[in-house]
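User: I am new to this structure. Please show it, and then I will ask how its terms are applied.

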Amino acid sequence: MQPVRGTHDLLPDDYRRFAHVVDTARDVARLYGYREMATPIFEFTELFARGIGETTDVVSKEMYTFKDRGDESLTLRPEYTAGICRAFVSNGELAQQLPLKVFAAGPMFRYERPQKGRQRQFHQIDLEVLGAPEPGADIEVISVAADILDRLTILDRCVLKINSLGDPESRTGYRKVLMDYYSGHTANLSEDSRNRLARNPLRILDSKDEGDKAINVNAPSFSDHLNEASRDFFKSVQDGLTAAGIAFEVDPALVRGLDYYTHTAFEFVTTHIGAQGTVLGGGRYDGLIAELGGPPTAGIGWAGGIERLMMLADEPKPLPRPVVIAPLGAAAEARALGIARTLRKLGIAVEQEYRGNMKRRMQRANKLNARVALIIGDDELAKGVAQLKDLDSGAQREVPLDGLAEALKV
């Protein structure tokens with residue numbers, strides 16, 4: 001039996017790196033006042049079709065969609081933002097907690113060609129702020145991302161790229177300009193882009209087709225068609241990032257791949273993981289919650305791929321070296337169970353050995369990278385002591401059983 005293509009097992013050493021990324025992100029998010037939440041792994045398909053956009057690759061090509069026994073169309077979540085916004089609409093009490101600042105982490109599912117750092121079941125950390133239309137929210141979520149990457153020792157290998165996708169008024173005007181431009185290149189556009197032309201020409205800017213990319217080189221720039229309000233908003237974001245000491249590049253070609261983005265779009269990119277260089281990205285989506293049937297509510301957030309972050313992050317600190325108890329005889333084994341439990345309650349990692357002669361038990365202790373072995377036999381029980389052997393120096397001494405905790409303090 002093999003895992004399904006595009007999925008992988010997180011074995012213990014991998015999971016330690018995985019947990020390091022999630023725990024680091026969670027700790028930094030808490031410093032900024034974000035609370036953790038989770039949404040279901042599957043939702044009604046309509047949520048993603050409406051929220052992400054039917055013309056996006058995610059919805060049109062990549063979603064895992066199925067009918068359940070009640071003939072409902074359900075989809076495994078391909079991203080977190082739409083589900084969190086749905087949770088906001090579904091749970092009315094959240095509207096009383098604005099601005100709502102949440103952190104989440106979990107598995108996502110997209111049917112695409114598996115490659116380095118990109119699987120069909122993958123995992124993301126996610127950060128969202130709802131109910132904060134001010135540019136200060138944009139600056140804060142980018143600051144959280146930068147601090148997470150910094151703590152993971154990744155930031156110095158990344159470049160922050162930002163762009164403005166404008167407010168709805170700017171997008172409407174820019175949409176017309178794009179349609180006029182692409183109409184002169186229809187014959188050379190890919191089939192997907194021809195289909196998008198009438199419905200959402202902005203999506204063509206995000207095309208991965210080489211022919212479309214060549215046409216996009218001369219496409220009108222969004223920055224030339226921003227209204228004054230959008231230009232002022234974007235300037236405030238740039239000024240705030242500069243004040244916070246966060247370096248960035250303005251990239252007019254940056255267009256996030258989902259339909260719900262407005263105003264600020266951003267990505268942290270790297271050249272250290274091959275062609276797929278984005279490690280974390282997001283932007284503002286002020287119209288999404290209203291699109292899902294909720295009250296008009298501003299939103300901004302980002303998601304980062306945990307697998308990609310694992311590839312870049314330094315090795316996490318090693319786990320605490322355990323203490324190994326090697327009891328000899330039935331009476332010692334019984335007594336050792338209580339000793340081990342007492343030490344664990346005090347926060348000391350303990351492994352207990354039950355089989356083999358003493359030589360094999362010590363070999364096993366070394367394989368576990370234990371720092372100390374506690375040897376307890378009938379003679380030790382009679383004296384109320386244990387033999388404490390330092391596995392680094394080889395030194396051995398007797399320690400009273402009621403003094404083990406003190407002797408094992410690091």
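User: Which residues does the face of H13 turned away from its buried side carry, and what makes them exposed?

Analyst: This is a predicted model, in which local features need pLDDT of at least 70, side-chain atom pairs count only at pLDDT 80 or more, and totals for chains, interfaces and linings use all residues. Residues are numbered from 1 along each chain as its sequence is written, and side-chain values use heavy atoms, leaving out hydrogens and water. That face carries Lys-359, Arg-360 and Lys-367. They are called exposed because exposed means over 50% relative accessible area, buried under 20%, and partly exposed in between (1.4 Å probe, protein chains only).

User: Why are the buried residues of H13 said to line one face?

Analyst: H13 (residues 358-367) buries Arg-361, Met-362 and Ala-365. Seen down the helix axis, they fall within an arc of 100 degrees, so they line one face. The arc is taken from the directions from the axis to the C-beta atoms. H13 is a helix as a DSSP run of H or I with at least four residues; a strand is a run of E with at least two, and both are numbered from the N terminus.

User: What covers those buried residues?

Analyst: The cover includes strands E12 (323-327), E14 (372-376) and E15 (385-390), and helix H12 (330-345). Contact means heavy atoms within 4.5 Å.

User: What makes E10 and E11 a pair?

Analyst: Pairing requires at least two bridges found by DSSP. E10 (residues 278-284) and E11 (residues 299-305) are joined by 5 bridges, therefore they pair, and they run antiparallel. Among the bridge partners, Gly-282 has Trp-302 in E11.
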